[in-house]
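Visitor: Could you pick one part of this protein and walk me through it slowly? I'm new to this, so plain words would help.

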Amino acid sequence: RAVVRARSPVGTRYDSAINRESAYEILSQRAEHAAAQTEAAKTQSETEMQSPPNSGSAKPAEERSWIRDILFGTNRRQGAIEATAKSAMRTVGNQLGRQILRGVLGSMLGGKRR
């Protein structure tokens, strides 16, 4: 085997061992970094919620965001705008696909001519 690798044009490239980071290590680092950022954001938002408001007219974040959550959704749920857009695009795609299929099959099978 060593003789075959030595004569191979790529043999020298694969004979030397290189210590690279594995995909698992890279993904683990990304996950740890994302978790640290999430924790920092959570801590910051908790700090902001505990601090007194600047004026008496400021509403809590929960009261201000329920309409936004309904319209635009949350991380777990899609909002009304997104659902409507998806439904419209699905309908347009289905109609377009149906028309193309009818045209192709009609021309191949020699559909009725009026």
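Guide: Sure, let's get our bearings and then zoom in. This is a predicted model, and its secondary structure comes to 5 helices and 0 strands. Reading from the N terminus, the order of elements is simply α-α-α-α-α. The chain has 114 residues, and 4% of them count as buried. About 11200 Å² of the protein chain is exposed, with carbon and sulfur atoms supplying 56% of that area.

Before choosing a part, let's check the confidence. The mean pLDDT of the chain is 80, and 82% of the residues reach 70 or more. Helix α2, residues 11–15, has the lowest mean pLDDT among the elements, at 71, while helix α5, residues 80–109, has the highest, at 92. Where pLDDT is low, predicted coordinates should not be read in detail. Let's take α5 for our close look, then.

Helix α5 is 30 residues long, and from its first C-alpha to its last it reaches 43 Å. That is close to the 44 Å you'd expect at 1.5 Å a residue.

Now look for a pair of charged side chains on this helix. Lysine 86 and glutamate 82 both belong to α5 and sit 4 residues apart, about one turn of the helix. In general, an α-helix has 3.6 residues a turn, so residues three or four places apart point the same way. The side chains of lysine 86 and glutamate 82 meet in a salt bridge, with 3.8 Å from N to O. The cut-off for calling it a salt bridge is 4 Å, and by that rule the count comes to 1.

How covered are these two partners? Lysine 86 has a relative accessible area of 40%, so it is partly exposed. Glutamate 82 is partly exposed too, because its value is 37%. The partly exposed range lies between 20% and 50%.

Next, follow the numbering along to a nonpolar surface patch of about 720 Å². Leu96, Ile100, Leu101, Val104, Leu105, Met108 and Leu109 make it. Let's use valine 104 as our example: its place is in helix α5, and its relative accessible area is 40%, so valine 104 counts as partly exposed. To join a patch, a residue needs over 30% relative accessible area, and valine 104 has 40%.

Finally, step just past the end of α5. Glycine 110 comes right after the helix and takes a positive phi of about 65°. That's a good spot to stop and turn the model around yourself.

Definitions and conventions
Residues are numbered from 1 along each chain as its sequence is written. Side-chain values use heavy atoms; hydrogens and water are left out. pLDDT is the predictor's confidence in each residue, from 0 to 100. Helices (H or I, at least four residues) and strands (E, at least two) are DSSP runs, numbered from the N terminus. The expected span of a helix is 1.5 Å times one less than its number of residues. Patches are made of residues with over 30% relative accessible area and no salt bridge: like charges are joined within 9 Å, nonpolar side chains (Val, Leu, Ile, Met, Phe, Trp, Tyr) within 5 Å. Accessible areas come from the Shrake-Rupley method with a 1.4 Å probe; for residues, only the protein chains shown count as cover. Buried means under 20% relative accessible area, exposed over 50%, partly exposed in between (1.4 Å probe, protein chains only).
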